[in-house]
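Good morning, and thank you for coming. I would like to take you through the interior of one chain, strand by strand. Please look at the display before I begin.

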Amino acid sequence: MDRPQQDPGYKRNENRRWRESASDLKHDANVIRTQVKPFNKFALGIAAAGLFGLGAVFWPFVSPALRGKFCLPYLPATTEQVNNVVTALRLRAPTPTSRVIDLGSGDGRLVIASALAGYTSEGVELNHWLNWYARISALFKGVSASTSFSTSNLWNMDYSRFDSVIVFGVAEMMDDLHVKLQESMQPGSRMIVCRFPIPDVEPDQIIGEGIDSVWIYDVGAGKPTSLHGRTASAGEKSD
């Protein structure tokens with residue numbers, strides 16, 4: 001039984017078989033490696049393309065909010081909020097010269113609803129993609145002739161030609177914006193506010209409840225306003 005193991009020819013055959021087995025294993029490993037590498041590169045490419053695609057889609061919705069004085073995220077108005085805003089507008093019947101502007105108009109639903117109620121309406125939105133979506137929506141709703149959308153800076157605008165301003169903003173901006181509109185709008189104009197009321201100012205009317213509430217404020221030159229919790233005349237400036 002021990003003699004074949006001591007036979008030099010037997011040992012040479014065994015060594016050759018081991019070398020051949022090792023060579024076969026190495027060859028199989030190389031084949032697997034060459035097959036797996038392209039798959040990994042393909043999978044990595046798909047993942048990178050997916051991440052880039054998501055970034056390309058969401059960046060236009062995020063970047064405008066990062067450029068302004070205040071961060072204004074895109075939060076679509078609920079159906080109840082839209083109905084409450086239209087109810088607020090209809091408290092005064094529209095005339096041929098009635099104009100409404102929506103600050104932070106998003107996808108344009110409030111602008112379109114205002115136009116459907118009979119008002120010439122304008123939306124201000126920094127996001128170009130949302131503006132294009134709003135224009136297309138207005139076209140399909142049949143109100144493209146009575147609506148417009150722009151990327152104007154709301155702090156540099158002249159509001160004297162508007163009867164009503166719809167504001168869907170954030171709490172931090174309401175005090176400054178109220179002063180801005182107070183100085184810019186004509187007497188008897190209205191500020192229709194969603195989500196966050198003006199601090200320390202009593203609204204003239206409230207429509208709805210909870211997060212769908214709409215606050216109505218009479219604004220315009222000569223109307224007293226509140227600056228940082230105190231009453232001030234229309235011409236008085238805040239610090």
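Of the 239 residues in this chain, 37% are buried. Please bear in mind throughout that this is a predicted model. The secondary structure amounts to 6 helices and 9 strands. As for the contacts, if one takes those between residues at least 6 apart in sequence, 65% join residues at least 24 apart. On the outside, the chain exposes about 14,300 Å², and carbon and sulfur atoms account for 59% of that area.

Let me turn to the interior. In soluble globular proteins, nonpolar side chains tend to be buried together. The largest nonpolar core here has 22 residues, and the members that touch the most others are Ile101, Leu103, Tyr159, Val165, Leu177, Met191 and Tyr217. Which elements supply at least two residues each to this core? They are strand β1, residues 99-103; strand β4, residues 164-167; helix α6, residues 171-184; strand β5, residues 189-194; and strand β7, residues 214-219. Helix α6 provides the largest share, with 4 residues. There is also a second, separate core of 18 residues, and among its members are Val82, Val85, Leu110 and Val214.

I now come to strand β5. All 6 of its 6 residues are buried, and the strand is therefore largely enclosed by the rest of the structure. Ser189, Met191 and Val193 point one way from the strand, while Arg190, Ile192 and Cys194 point the other way; every one of them is buried.

Met191 deserves a moment of its own. Beyond its neighbours within four places in sequence, it contacts Val165, Val167, Met174, Leu177, His178, Leu181, Ile198, Trp215, Ile216, Tyr217 and Val219. One of these, Val165, is also the residue whose bridge partner in β5 is Met191.

How does β5 run relative to the strands it pairs with, parallel or antiparallel? With β4 it runs parallel, joined by 4 bridges. With β7 it runs antiparallel, joined by 6 bridges. Strands β4 and β5, together with helix α6, form a right-handed β-α-β unit. On the β7 side, Cys194 has Val214 as its bridge partner.

Strand β7 is our next stop. Here 5 of the 6 residues are buried, so this strand too is largely enclosed by the rest of the structure. It pairs with β6 in the antiparallel sense over 3 bridges, and Ile207 stands opposite Val214 of β7. The hairpin of these two strands has 6 residues between them, and Gly208 takes a positive phi near 90°.

Finally, consider helix α3, residues 79-89, where Gln81, Val82, Asn84, Val85, Val86, Ala88 and Leu89 are buried. What covers these buried residues? The cover includes strands β1, β4, β5, β6 (205-207) and β7, along with helix α4, residues 109-116. Val82 and Val85 of this list are the ones I named earlier in the second core.

Thank you. I would be glad to take questions.

How values were computed
Residues numbered from 1 in each chain as written. Predicted model: local features only at pLDDT ≥ 70, side-chain atom pairs only at ≥ 80, totals over all residues. Heavy atoms only, no water. Core = buried A, V, L, I, M, F, W, Y, C linked by side-chain atoms within 4.5 Å. Buried < 20%, exposed > 50% of the residue type's maximum accessible area, 1.4 Å probe, protein only. Contact = heavy atoms within 4.5 Å. Pairing = 2+ DSSP bridges. Right-handed = clockwise from strand over helix to strand, strands pointing away. Areas by Shrake-Rupley, 256 points an atom, 1.4 Å probe, with all protein chains shown as cover.
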